[in-house]
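Take a moment to look over the chain before reading on. Turn it until you have seen every side.

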Amino acid sequence: MSERKPMMGRHLTVGRLTEDESELIRTVRSLIGGEGSPTRAFAEGIKYHMLESFKKGYDVDKVTSGRKCLKRLKNKHCTHPCSEHAIPGADHSDLWLRDGKPALATYHIYDIGWGKLQEIVDWCRERGYEASVVAWSWYFPTSTVMVVITRQDEDPYGGRP
Ligand SMILES: [Zn+2]
């Protein structure tokens, strides 16, 4: 497992807040109940950083300009009709490249209940994929979760020593 992973999961309550962090908290709190949206402001402020940290943590550099079909994770081509084009309930999808090859797919979903999660897990197991639900969703931080799909035998973080 890569040492890059921990940067995406720092604990909220470890250490003392810096003056900048304290000022940000005061600003966010000042927006509560007013015309501005604290979650939207926070999301806009943090999402680019989250996207860049995701790319570094998972060792991917860009999205494909071709089809986002999951078969490409198994070095196969999309055919029509295609039963592996996307996970059930797919939303805001990307197929990410590592060294120019499809390595993982991401989806950003607002609400993922037990039924939908079970459907995704079953769908992936039947087809040889692994699914992870990650809070580090840059699409709309605080409102979406990210579903990461890889081949079952693939280390999502790239597995480099
Ligand atoms: Zn397809």
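What follows goes from the overall layout to single residues.

This is a predicted model, in which local features need pLDDT of at least 70, side-chain atom pairs count only at pLDDT 80 or more, and totals for chains, interfaces and linings use all residues. Residues are numbered from 1 along each chain as its sequence is written.

Start with the outline. The C-alpha trace of the protein chain spans about 55 × 35 × 30 Å along its principal axes. The protein chain holds 3 helices and 5 strands. Here helices (H or I, at least four residues) and strands (E, at least two) are DSSP runs, numbered from the N terminus. Read from the N terminus, the order is α-α-β-β-β-α-β-β.

The domain assignment splits the protein chain into domain 1 (19-50) and domain 2 (62-151). Such bounds come from an automatic or database domain assignment. Between the C-alpha centres of domain 1 and domain 2 there are 29 Å. How many residues of domain 1 are in contact with domain 2? The number is 6, and they meet 6 residues of domain 2. Contact means that the C-beta atoms of two residues, placed from the backbone, lie within 7 Å. On the domain 1 side of this meeting there are 4 nonpolar, 1 polar and 1 charged residues. In this count Ala, Val, Leu, Ile, Met, Phe, Trp, Tyr, Cys and Pro are nonpolar, Asp, Glu, Lys and Arg are charged, and the others, Gly among them, are polar.

Now look at helix 1 (residues 19-31). Its 13 residues reach 19 Å from first C-alpha to last, close to the 18 Å expected at 1.5 Å a residue. The expected span is 1.5 Å times one less than the number of residues in the helix. Is helix 1 covered or in the open? It lies largely in the open, because the number of buried residues among its 13 is 0. A residue is buried if 20 or more other C-beta atoms lie within 10 Å of its own, exposed if 12 or fewer, and partly exposed in between, with C-beta atoms placed from the backbone. Just after helix 1, Gly33 takes a positive phi of about 85 degrees.

Across the whole protein chain, buried residues make up 19% of the 161 residues. Where do the nonpolar ones gather? The largest nonpolar core has 20 residues. A nonpolar core is a set of buried Ala, Val, Leu, Ile, Met, Phe, Trp, Tyr and Cys residues joined through C-beta atoms within 7 Å. Leu70, Leu104, Ala105, Val147 and Ile149 have the most contacts inside the largest one. Strand 2 (94-98), strand 3 (101-109), helix 3 (114-127) and strand 5 each supply at least two residues of this core. Strand 3 gives the most, with 5 residues. In soluble globular proteins, nonpolar side chains tend to be buried together.

Strand 3 deserves a closer look. It is mostly covered, with 7 of its 9 residues buried. Strand 3 runs antiparallel to strand 2, and 5 bridges join them. Two strands pair if DSSP finds at least two bridges between them. Leu97 has Pro102 in strand 3 as its bridge partner. The hairpin of strand 2 and strand 3 has 2 residues between the strands, and Asp99 there takes a positive phi near 55 degrees. Strand 3 also runs antiparallel to strand 5, again with 5 bridges. Ile109 stands opposite Val145 in strand 5.

Follow strand 5 (residues 145-151) to Thr150. Thr150 is buried, because 22 other C-beta atoms lie within 10 Å. Leaving aside neighbours within four places in sequence, Thr150 is in contact with Leu73, Leu104, Tyr129, Glu130 and Pro156. Thr150 and Leu73 are 77 residues apart in sequence, yet 7.0 Å apart in space, C-alpha to C-alpha. With the same neighbours left aside, Ile149 is in contact with residues including Leu70, Leu104, Ala105 and Cys124. Over the protein chain, residues 24 or more positions apart account for 60% of the contacts with a separation of 6 or more.

Helix 3 comes next. Its 14 residues should span 20 Å at 1.5 Å a residue, and its end C-alpha atoms are 20 Å apart, which agrees. Just after helix 3, Gly128 takes a positive phi of about 85 degrees.

Finish at Arg72, in the loop between strand 1 (62-63) and strand 2. Arg72 counts as buried because it has 20 C-beta neighbours inside 10 Å. Beyond its neighbours within four places in sequence, Arg72 is in contact with Arg67, Leu95 and Pro102.
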